[in-house]
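Here's a quick briefing on the fold you're about to look at. Overall form comes up front, then one helix gets a closer look.

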Amino acid sequence: MHAEIAPAVARPSRSRALPLPEIHAFLGCRTPAAWVEAALANPEIMLIDHKNCEFKAASTALSLMAKYSTHLDLINMMSRLAREELVHHEQVLRLMKRRNIGLRPVSAARYASGLRKLVRPHEPHRLVDTLVVGAFIEARSCERFEALVPHLDEELGGFYFGLLKSEARHFQGYLKLAYQYGEQQDVDQAIERVREAERLLIESSDSEFRFHSGVPAA
């Protein structure tokens, strides 16, 4: 059985909390309609890749804890974030099981690796850039959940709606740490640099559909 996704349906109970002005102001663009259409046409890949993204987010948090073991505030935030991302990973797995979606390998999107190419190699800039990239990934995830929710069936739409607050909180946490461990001007410049690269990845043609992919190639 394939996962079923219903056509767009008005859901007032969800839509009341959907506007995310802070996220929209931070990102350089909104998700193109063509990506939403591709997501609705490829629900199994969307869920498998979403599961993978949650696991990678937890792994990134643990890696940062190990690398920056003297940064107490970072350790505390990343510990909480890693636990929450693993819970989300388990929730997606359960949802996939209910929909008879089996596990299979799905290649990673170009998105995260494309952003990480912007990370400068030397400290403290490396940490600043890593945190800024993390903020953009979380912000984009939140914005994509928002874009999808009105078009999804009740179960999946409710689940994604429930993830909006946590993804927004993760975005805020990454950004707060970037300003805490970096100079304001340097962080501001890093945000501008990553924002433009992120916009290009989202708006340019992409050969594969993934949760963070760009516009599907014709």
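With 218 residues, a compact globule would come out with a radius of gyration near 17 Å, and this protein has 17 Å, so the two agree. Keep in mind that this is a predicted model. The C-alpha trace spans about 50 × 35 × 30 Å along its principal axes.

**Fold**
- There are nine helices and two strands in the protein.
- Reading from the N terminus, the order is α-α-α-α-α-α-α-α-α-β-β.
- Take the contacts between residues at least 6 apart in sequence: 82% of them join residues at least 24 apart.

**Inside and surface**
- Of the 218 residues, 49% are buried.
- The protein exposes about 10,500 Å², and 58% of that comes from carbon and sulfur atoms.
- On the charge side, we have 28 positive and 28 negative charges, and their mean positions sit 3 Å apart.

**A closer look at α3**
- Helix α3 covers residues 33–41, and its buried residues are W35, V36, A38 and A39.
- Those buried residues take up an arc of only 160° around the axis, which is why they end up on the same side of α3.
- Turn to the face pointing away from that buried side and you'll find the exposed residues A33, E37 and A41.
- So what covers the buried residues of α3? The cover includes two helices, α4 (43–67) and α7 (125–148), along with strand β2 (215–216).

Technical notes: Residues are numbered from 1 along each chain as its sequence is written. This is a predicted model: local features need pLDDT of at least 70, side-chain atom pairs count only at pLDDT 80 or more; totals for chains, interfaces and linings use all residues. Side-chain values use heavy atoms; hydrogens and water are left out. Buried means under 20% relative accessible area, exposed over 50%, partly exposed in between (1.4 Å probe, protein chains only). Helices (H or I, at least four residues) and strands (E, at least two) are DSSP runs, numbered from the N terminus. The arc is that of the directions from the helix axis to the C-beta atoms. Contact means heavy atoms within 4.5 Å. The radius of gyration is taken over C-alpha atoms; the globule rule is 2.2 Å times the number of residues to the power 0.38. Accessible areas come from the Shrake-Rupley method with a 1.4 Å probe; for residues, only the protein chains shown count as cover. Lys and Arg count as positive and Asp and Glu as negative; His and the chain ends are not counted. The place of a charge is taken as NZ of Lys, CZ of Arg, CG of Asp or CD of Glu.
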